Amino acid sequence: MKKLPTRKKGRLIIVAYRLPFKILKNEQGTSLFQNSGGLVSAVLSLAQGRENASFEFEDKIQWIGYTDNTPEELAGVTLENENFRAHPVFISQELNDNYYEGFCNDLIWPLFHYFPSLAKFETEFFEAYQEANLLFYETMKDIIQPDDVIWIHDYQLMMLPDLIRQSFPANKIGFFFHIPFPSFEIFRLLPTTWRDAIIDGMLGADVVGFHTNDYVEYFLKAVRMVIGQGNRMHYVNLNSRLVKVDAFPISIDYNKFNDAYDDEKVVKERKAARAPLKKKIIFSVDRLDYSKGLLNRLKGYERFLEQHDEWHEKVSFIMMVVPSRDQIEQYQNMKSEIDQTVGRISAKYGRIHWQPIIYQYRSMPFEELVGMYTASDVALITPVRDGMNLVCKEYVASRKDELGVLILSEMAGAAAELGEALIINPTDSQDIADAILKALEMPAKEQRKRMKAMRHRLREYDVFAWTNDFFTQMLMIEQEHDRLSHE
Ligand code: GDG
């Protein structure tokens, strides 16, 4: 077996749009509330030094990210907990409106999720994006030391790798992209200078990671078209440097979800969900977003109810929608449409003692979330585009009982790994309706067979394997450079 490189010096610097905790100030002082999102748990696996890890870092993890607190509010406050030391980036409201709300969420998000008609191409957005990326760089430049490894995340920071590379040519820089990288026919809709700046920016890294091989292929095609550079299987040769471009499908903390099955609070939540309904449960949870296919899902369920009255009063669909970006008009309109569709379905099929849909617009504590994952007979996950989708992986990892059926959109990055799910086309209501029927009727033996295979895969490649894989590639890049230059 190839010996993995090890590294024991240097610190890890994470750069992401947000800091890993919320900062709350009151009369008692300042408190930090660590977020529990996917990226924070992934990075924690590095802080806690796992067995078999190919590296260890010095000191606490340094984390650079935006805060909506002002410099005056944070003056004299120690921004660190047992895992992270935070370095806030201060961005004015006006700049953030054009940078984050504008370029990131009104242009890149819709465009890269294949909604070009929703994308707004404003010059001020692009200028703000450049300025904000520079602000991140300005915050970092006095922090970076020679052996530090820098790991940058996502579409808010596409220009940052190159900004750092220009002044710190010897530091290892990784960049991970959490949303889909689109096909060139979509990417080329960006003005030429913008797409050049994006590609040049990302290529400042030593390793550029995506969730799937398709995104890797699309990115390499964009590189060929934009900088005219030939590339060979997963490498871009910039003469002085080699950039590795590869797929690293993000995963979850498998044990956390698997072990939660027996947690007292989770057991209580599971019983509380099951007892009053006494019906089969279909469950979904997503942030409010047009990419998540919420309306398509409702239409698929409606068609199922229309065609299968033998299932009336025997099944309820619990659809949780987590508030997100709902200050934006598009999101408000979409929410109204969801509210109306749920109302129409309930009015048509509901009975005094049966609610075909239970729809709630709120977020849930972790125990309730896993309670719902494990109480449900079917998880219905139908994004029209999703970089990966962690909800489906969490559902599978939570099912220690090996029961439950996953219905999953072919448009989610996760579909490439979870082939035992019932894979559907989210724009096809009939496909969704047929899959719901198949899932509700699936014998326990077949559920187990499918679940076992998916659980095995997620156990093997959990979030710790993901981070380990990414860093191993980053530390191996020099060896690869030597090998390729001798071929
Ligand atoms: C982006 C990409 C990619 C949701 N509601 C509650 C709750 N959640 C947690 C889930 C899951 C996470 O939020 C959602 O992750 P997703 O992957 O499904 O979606 P995005 O937020 O769009 O994330 C996506 C991801 O980045 C990682 O690279 O997979 O494609 O779009 O972890 O559990 N957690 C709790 N209560 C809730 O109500 N506790």
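**Exercise 1. Two helices in contact**

Task: In this predicted model, find how helix H14 and helix H16 are placed relative to each other, and which residues make the contact.

Solution.
- Step 1. Locate the helices. H14 covers residues 391–398, and H16 covers residues 444–460.
- Step 2. Take the axes. They come within 9 Å and cross at roughly 110°.
- Step 3. Classify the angle. Angles of 65 to 115 degrees count as roughly perpendicular, so H14 is roughly perpendicular to H16.
- Step 4. List the contact. H14 supplies Lys393, Val396 and Ala397. H16 supplies Met451, Met454, Arg455 and Leu458.
- Step 5. Sort these residues by class. Five are nonpolar, none is polar and two are charged.

**Exercise 2. The shell around the ligand**

Task: Describe the residues that surround the ligand and say which elements supply two or more of them.

Solution.
- Step 1. Count the shell. The ligand is surrounded by 18 residues.
- Step 2. Pick out the closest. They are His178, Ser363, Gly387, Met388 and Leu390.
- Step 3. Turn to the elements. Strand E12 (280–287), helix H13 (366–375) and H14 each give two or more residues to the shell. H14 is also the helix that crosses H16 at roughly 110°.
- Step 4. Sort by class. The shell holds ten nonpolar, five polar and three charged residues.

**Exercise 3. The chain as a whole**

Task: Decide how compact the protein chain is for its length.

Solution.
- Step 1. Count the elements. The protein chain has 17 helices and 17 strands.
- Step 2. Compare with the globule rule. The radius of gyration is 23 Å, close to the 23 Å that the rule gives for 487 residues, so the chain is as compact as a globular protein of that length.
- Step 3. Add the extents. The C-alpha trace spans about 65 × 55 × 55 Å along its principal axes.
- Step 4. Check burial. Of the 487 residues, 42% are buried.
- Step 5. Look at contacts with a separation of 6 or more. Residues 24 or more positions apart account for 77% of them.

**Exercise 4. Two residues with positive phi**

Task: Place tyrosine 114 and glutamate 313 in the chain, and state whether each is buried, partly exposed or exposed.

Solution.
- Step 1. Recall the background. Most residues other than glycine have a negative phi.
- Step 2. Read the angles. Tyrosine 114 is not a glycine, yet its phi is positive, about 65°. Glutamate 313 is not a glycine either, and its phi is about 70°.
- Step 3. Find the loops. Tyrosine 114 sits between helix H3 (93–112) and helix H4 (123–141). Glutamate 313 sits between helix H11 (294–307) and strand E13 (315–322).
- Step 4. Count neighbours. Tyrosine 114 has 14 C-beta neighbours inside 10 Å, so it is partly exposed. Glutamate 313 has 14 C-beta neighbours inside 10 Å, so it is partly exposed.

**Exercise 5. Two residues of strand E4**

Task: Work out the surroundings of isoleucine 64 and glycine 65.

Solution.
- Step 1. Place them. Strand E4 runs over residues 61–67 and contains glycine 65. Isoleucine 64 is in strand E4 too.
- Step 2. Apply the cut-off. A residue is buried if 20 or more other C-beta atoms lie within 10 Å of its own. Isoleucine 64 has 24, so it is buried. Glycine 65 has 22, so it is buried.
- Step 3. List contacts beyond four places in sequence. Isoleucine 64 touches Ile13, Val15, His87, Val89, Phe136, Thr139 and Met140. Glycine 65 touches Ala16, Tyr17, Arg18, Leu19, Ala86 and Val89.
- Step 4. Set sequence against space, C-alpha to C-alpha. Isoleucine 64 and phenylalanine 136 are 72 residues apart in sequence but 7.5 Å apart in space. For glycine 65 and phenylalanine 90 the values are 25 residues and 8.7 Å.

**Exercise 6. Two further residues**

Task: Find the place and exposure of glutamate 306 and glycine 37.

Solution.
- Step 1. Start with glutamate 306. Its place is in helix H11. It has 13 C-beta neighbours inside 10 Å, so it is partly exposed.
- Step 2. Give its distance to tyrosine 349. The two are 43 residues apart along the chain, and their C-alpha atoms are separated by 8.8 Å.
- Step 3. Move to glycine 37. It lies in the loop between strand E3 (29–34) and helix H1 (38–47). With 12 C-beta neighbours inside 10 Å, glycine 37 counts as exposed.
- Step 4. Give the distance from glycine 37 to serine 376. They are 339 residues apart along the chain, with 23 Å between their C-alpha atoms.

Technical notes: Residues numbered from 1 in each chain as written. Predicted model: local features only at pLDDT ≥ 70, side-chain atom pairs only at ≥ 80, totals over all residues. Axes fitted to C-alpha atoms, helices over the stretch in contact; angles between N-to-C directions. Helix = DSSP H or I, 4+ residues; strand = E, 2+ residues; numbered from the N terminus. Parallel < 35°, antiparallel > 145°, perpendicular 65-115°, else oblique. Contact = placed C-beta atoms within 7 Å. Nonpolar A, V, L, I, M, F, W, Y, C, P; charged D, E, K, R; others polar. Near = placed C-beta within 6 Å. Rg over C-alpha atoms; globule rule 2.2 N^0.38 Å.
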